[in-house]
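Got the viewer open? Let's take a walk through this one, selection by selection.

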Amino acid sequence: MTKVEEQDNKGMLEKLVHGFPGSVFEEENQGECIAEYTEPHGVDIRIEMLNKSFGDLHVLKDIDLEIRAGETFSIIGPSGTGKSVLLKHIVKLVKPDSGRILIDGHDIFAKKPKDAPREYRYSMVFQTSALFNSLTVGENVGLWLREKRICNEARIRRIIRQKLRLVGLEGKEDFMTSELSGGMKKRVAIARSLAMNPDLILYDEPTAELDPVTSDELARVIMDLKKEVNLTSIIVSHDLNFAFYLSDRVAMIHEGRIIEIGTPAELKASENPVVKNFIFTTTKGITGA
Ligand SMILES: Nc1ncnc2c1ncn2[C@@H]1O[C@H](COP(=O)(O)OP(=O)(O)OP(=O)(O)O)[C@@H](O)[C@H]1O
């Protein structure tokens, strides 16, 4: 990664960090972190009759969807059907033409009342991992905490160790990111996201460029996380075996509409010919776990 790319990368990360005012470290919260740096809580997301067009292109059509608190939820579907656009709505990067998104019952696009509870925190794990190669693993994980002065240095070091342990990379703080395999990079990217204590974590094509064995390891990391961290996870993936393996529920989008929602078993048993065909062709007939 060049310096310019790293700078762009940083800008993008900034944009995707949400819910913190970027305040300067205060001597509160046992003197270790700013008061807003609370434990995560998995959020409940309700999407009601969401519509979005770009010019003449009606991308999202009457999307109605509930993602429950603490759920691991995957969105699948052919290319260009609106999966990423939907994800961008949930993190307020795109505004709907009509419809609402309620997170823990609050309309995220409505003006916030004065007594509104703290905004949900989210973090995105990018397809490319988007790590800084010139930094160590630990520096990547702690970057945001240090830049925003969220906690003091001793606490940041403990947080880095804890988040790396959660993704099975205990003791790897001093490795250079450039020395890591693709699967390890992805896990560092997850640890970096976890450092923000997100209530919601979004994975954009997490298995892109990973071989099946590494994808399987990653699935287990994400499944184990669910046992230890209270967060809601949304995954957009073309890898149906992966999505079926680790998701509580899956929604399939086709031509801007949700055409099926259910548990992996329900999706696999769907009688909808579009769903059946998509599952068959994308898993090459393998039905997955
Ligand atoms: N900002 C934008 N302006 C105009 N068109 C857009 C914009 N963002 C997305 N689109 C269009 O919306 C449609 C859906 O795009 P989206 O990226 O959500 O698809 P996707 O299902 O995520 O595809 P893939 O699986 O290939 O990533 C595409 O036709 C895309 O070109």
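Start by selecting T282, which sits in helix α10, residues 273–282. Keep in mind that you're looking at a predicted model. Is T282 buried, partly exposed or exposed? Count the other C-beta atoms within 10 Å and you get 17. Being buried takes 20 or more and being exposed takes 12 or fewer, so T282 comes out as partly exposed.

Now add H238 and L240 to the selection. Once you ignore neighbours within four places in sequence, these are the residues T282 is in contact with. H238 is 44 residues away from T282 along the chain, yet their C-alpha atoms are separated by 7.7 Å.

Zoom out for a moment and colour by secondary structure: the chain has 10 helices and 10 strands. Of its 289 residues, 39% count as buried. Take the contacts between residues at least 6 apart in sequence, and 71% of them join residues at least 24 apart.

Next stop, the ligand. Which residues should you show around it? Select F54, L57, V59, G77, S79, G80, T81, G82, K83, S84 and V85. By class, that shell splits into 4 nonpolar, 6 polar and 1 charged residues. Two elements, β2 (57–67) and α3 (83–90), each bring at least two residues to the shell. The largest share is from α3, with 3 residues.

Stay with α3 and show the strands beside it. The helix lies across β1, β2 and β4, and runs at about 60° to β2. Those strands belong to an open sheet of 4 strands, ordered β2-β1-β4-β5 with antiparallel pairing. At its edges are β2 and β5 (106–107); each has a single partner strand, so one side of each is left without a neighbour in the sheet.

For a closer look at the pairing, select β1 (residues 45–54) and β4 (residues 98–103), which run antiparallel and are joined by 5 bridges. Pick I47 and look across: what stands opposite it in β4? That's I101.

Then hop over to the other sheet. It is open too, with 6 strands in the order β6-β7-β8-β3-β9-β10 and mixed pairing. The edge strands here are β6 and β10 (257–262), each pairing on one side only. From one strand to the next, the twist averages 20°.

Select β9 (residues 249–254) together with β10: this pair is antiparallel, with 5 bridges. Label V250 as well, and you'll find G262 of β10 opposite.

Last stop: α6, residues 182–194. How far apart are its end C-alpha atoms? Put a distance on them and you get 19 Å; with 13 residues at 1.5 Å a residue, the helix should span 18 Å, so the two agree.

This helix is mostly covered, with 12 of its 13 residues buried. Highlight them if you like: G183, M184, K185, K186, R187, V188, A189, I190, A191, R192, S193 and L194. To see what does the covering, switch on β6 (122–125), α4 (137–147), α5 (153–166), β7 (200–204) and α7 (212–228), which are among the elements over those buried residues. You've already met β6 and β7 as members of the 6-strand sheet.

Key. Residues numbered from 1 in each chain as written. Predicted model: local features only at pLDDT ≥ 70, side-chain atom pairs only at ≥ 80, totals over all residues. Near = placed C-beta within 6 Å. Nonpolar A, V, L, I, M, F, W, Y, C, P; charged D, E, K, R; others polar. Expected span 1.5 Å × (residues − 1). Contact = placed C-beta atoms within 7 Å. Pairing = 2+ DSSP bridges. Axes fitted to C-alpha atoms, helices over the stretch in contact; angles between N-to-C directions.
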